[in-house]
Amino acid sequence: QNDNHDDDEDDEDERTYLKLITRVETRSILRSCSVLRYPGEQKDVAVIGSDSGSVSVLEFKDKNGTLGILHCTDFGKTGCRRVIPGQYVASDPKGRAIMIGAVE
């Protein structure tokens with residue numbers, strides 16, 4: 001029984017934990033999210049696709065957790081529509097590009 005207990009403690013040491021930094025009321029449905037780091041920069045930015053038909057690039061402004069919009073592009077009408085890009089967002093690990101796709 002003690003051997004099993006020791007294995008459980010080792011598993012807990014290898015776990016990754018998430019910590020809440022900030023909470024922002026968006027009044028929308030976030031369809032997708034990806035993290036991007038521009039080449040040569042020290043900070044990550046978030047690429048968010050929402051039900052408003054737009055894809056936004058957001059950054060943390062200060063230690064209080066306020067977000068700033070770096071770029072916001074509209075692709076279509078509001079609502080989670082199958083033909084409006086934003087359902088799938090992927091980023092290049094080296095920060096060179098992002099890909100935005102729709103269901104159809």
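**Questions about a predicted model**

Modeller: Searching the whole structure turns up zero disulfides. Keep in mind that this is a predicted model.

Biologist: What makes a pair of cysteines count as a disulfide here?

Modeller: Their sulfur atoms have to lie within 2.5 Å. The search of the whole structure found zero disulfides, so no cysteine pair meets that cut-off.

Biologist: Let's stay with the cysteines. Why is Cys33 called exposed?

Modeller: Its relative accessibility is 53%, and exposed means over 50%, so Cys33 counts as exposed.

Biologist: And why is Cys72 called partly exposed?

Modeller: Cys72 comes out at 44% relative accessibility. Buried would need under 20% and exposed over 50%, so Cys72 counts as partly exposed.

Biologist: What is the overall layout of the chain?

Modeller: There is one helix and there are six strands. Starting at the N terminus, the order is α-β-β-β-β-β-β. The chain has 104 residues, and 23% of them count as buried.

Biologist: Which strands make up the open sheet, and in what order?

Modeller: Four strands, ordered E1-E2-E3-E4, with antiparallel pairing. The edges are E1 and E4 (67–74), since each of them pairs on one side only. On average, neighbouring strands in this sheet are turned by 20° against each other, ignoring direction.

Biologist: How do you know that E1 and E2 pair?

Modeller: Pairing takes at least two bridges. Strand E1 (residues 30–36) and E2 have six bridges, in the antiparallel sense, so they pass. As one example, Cys33 has Ile48 in E2 as its bridge partner.

Biologist: How many bridges link E2 and E3, and how many link E3 and E4?

Modeller: E2 and E3 have four bridges and run antiparallel; Ala46 is bridged to Leu58 in E3. E3 and E4 are joined by seven bridges, also antiparallel. Leu58 turns up again there, with Ile69 in E4 as its bridge partner.

Biologist: What lies between E2 and E3?

Modeller: Three residues, and the two strands form a hairpin. Gly53, in the turn, has a positive phi of about 85°.

Biologist: Why is E2 described as largely enclosed by the rest of the structure?

Modeller: Because five of its six residues are buried, and buried means under 20% relative accessible area.

Biologist: Which residues make up the largest nonpolar core?

Modeller: Six of them: Leu36, Val45, Val47, Val55, Val57 and Val89. E2 (45–50) and E3 (54–60) each supply at least two. What makes them a core is that they are buried and joined through side-chain atoms within 4.5 Å.

Biologist: What does Val55 touch?

Modeller: Leaving out residues up to four places away in sequence, its contacts include Val47, Ile48, His71, Cys72, Phe75 and Ile100.

Biologist: Now a loop residue. Where is Asp92?

Modeller: Asp92 sits in the loop between strand E5 (88–91) and strand E6 (98–101). Setting aside neighbours within four places in sequence, Asp92 is in contact with Leu36 and Ala97. Its C-alpha atom is 9.0 Å from that of Arg37, although these two residues are 55 apart along the chain.

Biologist: What makes Asp92 and Arg96 a polar contact?

Modeller: Their side chains come to 2.6 Å. The cut-off for a pair of N or O atoms is 3.5 Å, so the pair counts as a polar contact.

Note on methods: Residues numbered from 1 in each chain as written. Predicted model: local features only at pLDDT ≥ 70, side-chain atom pairs only at ≥ 80, totals over all residues. Heavy atoms only, no water. Buried < 20%, exposed > 50% of the residue type's maximum accessible area, 1.4 Å probe, protein only. Contact = heavy atoms within 4.5 Å. Polar contact = N/O pair within 3.5 Å; in protein donor to acceptor, adjacent residues only side chain to side chain. Axes fitted to C-alpha atoms, helices over the stretch in contact; angles between N-to-C directions.
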